[in-house]
Amino acid sequence: FATPLYTSHIKINGCWISCVKNLSYKRTSMENGWISESENILEIPELKNLRDKIQVELNHFGYEDLSIDNNVPLNISRSWAIKHQQKDWGQRHLHTNCLFSGIYYLEVNSKSGDITFEGNSCFQTSLVPSLKNFNQFTSDNLNITPQTEYLFIFPSQLIHSVGTNLSPHERFCISFDVTID
């Protein structure tokens, strides 16, 4: 009953960063970050190479790790950029109407906010024994300090959030959703 979290590394091409930084952004409805006006940024010609690299990783995750039948197409259906300035953050949420979601980190540092994935421990919430330590079976949350050039792909129903950017530097990532036809 494990929840898969796929992690990979994709070396950055400098034009991807300049392309994403030059996109048009709007403030999120919660006033806690900036989101690209386009929801199909991986269709931009300058980002086609990145889309192809993400698709390779997505195919590995789906077809190899999860044993999805190769006749089932895994399609990146939406993609957008997120910009977090100092004190911006990402609320607790999940993604609907898709199978997987993913995040590729273009520019982050150790103070730009951890991503937290929420799960369930093996214990009922009403009866939790005292534990010596937490592990994959006993933890409710997984906190990860993102690194530039890292990719995460996960089931879309996995609730996640992003901590406050405590850095004076902007944090840029690309998020995407995956559907099947």
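1. Let's start with Ser112. In this predicted model, Ser112 has a relative accessible area of 1%, so it counts as buried, the cut-off being under 20%. You'll find Ser112 in the loop between S6 and S7, and its side chain reaches the backbone oxygen of Asn109 at 2.8 Å.

2. What does Ser112 touch once you set aside its neighbours within four places in sequence? The contacts are Gly163, Thr164, Asn165, Leu166, Ser167 and Arg171.

3. Next, have a look at His169. His169 and Ser112 sit 57 residues apart in sequence, yet their C-alpha atoms are 7.7 Å apart in space. His169 is in the loop between S10 and S11. Is His169 buried or exposed? With 52% relative accessibility, His169 counts as exposed, since the bar for that is over 50%. Ser112, by contrast, is buried.

4. Leaving out neighbours within four places in sequence, His169 is in contact with His84 and Asn109. Asn109 came up earlier: its backbone oxygen is what the side chain of Ser112 reaches. So much for Asn109; His84 gets its own point.

5. His84 belongs to strand S4 and is buried, at 5% relative accessibility. Not counting residues up to four places away in sequence, His84 touches Asn32, Gly33, Trp89, Gly90, Val162, Asn165, His169, Glu170 and Arg171. Two of those names should ring a bell: Asn165 and Arg171 are also among the contacts of Ser112.

6. On to helix H1, which covers residues 14–21. Which of its residues are buried? They are Trp16, Ile17, Cys19 and Val20. Looking down the axis of H1, these buried residues fall within an arc of 165 degrees, so they line one face of the helix.

7. As for what that buried set packs against, the partners are strand S2 (25–27), helix H2 (48–65), strand S4 (74–84), strand S6 (100–107) and strand S11 (171–180). S4 is also the strand that holds His84. At the N-terminal end of H1, Asn13 acts as a cap, with a side-chain oxygen 2.9 Å from the backbone nitrogen of Cys15.

8. Now the pockets. The largest pocket holds about 580 Å³ of space. Its lining has 18 residues, and those nearest the centre are Thr3, Gly119, Asn120, Gln136 and Ser139. Strand S7 (115–118) and strand S8 (141–144) are the elements that give two or more residues to this lining. By class, the lining splits into 8 nonpolar, 8 polar and 2 charged residues.

9. The second largest pocket comes in at about 500 Å³ and is lined by 29 residues. Which of them lie nearest its centre? Here you want Ile35, Trp80, Ile82, Gln91 and His93. The class breakdown for this lining is 11 nonpolar, 13 polar and 5 charged residues.

10. Several strands feed the lining of that second largest pocket: strand S3 (34–36), S4, strand S5 (90–93), S6, strand S10 (160–162) and S11 each supply at least two residues. S4 gives the largest share, with 4 residues. S4, S6 and S11 are worth tracing in your viewer, as they are also among the elements that the buried residues of H1 pack against.

Notes:
Residues numbered from 1 in each chain as written. Predicted model: local features only at pLDDT ≥ 70, side-chain atom pairs only at ≥ 80, totals over all residues. Heavy atoms only, no water. Buried < 20%, exposed > 50% of the residue type's maximum accessible area, 1.4 Å probe, protein only. Arc of directions from axis to C-beta. Contact = heavy atoms within 4.5 Å. Polar contact = N/O pair within 3.5 Å; in protein donor to acceptor, adjacent residues only side chain to side chain. 1 Å grid on protein atoms, 1.4 Å probe; cavity = no way out; pocket = protein on both sides within 12 Å on 5 of 7 lines; lining within 4 Å. Points joined across faces, edges and corners; volume = space filled by probe spheres on them. Nonpolar A, V, L, I, M, F, W, Y, C, P; charged D, E, K, R; others polar.
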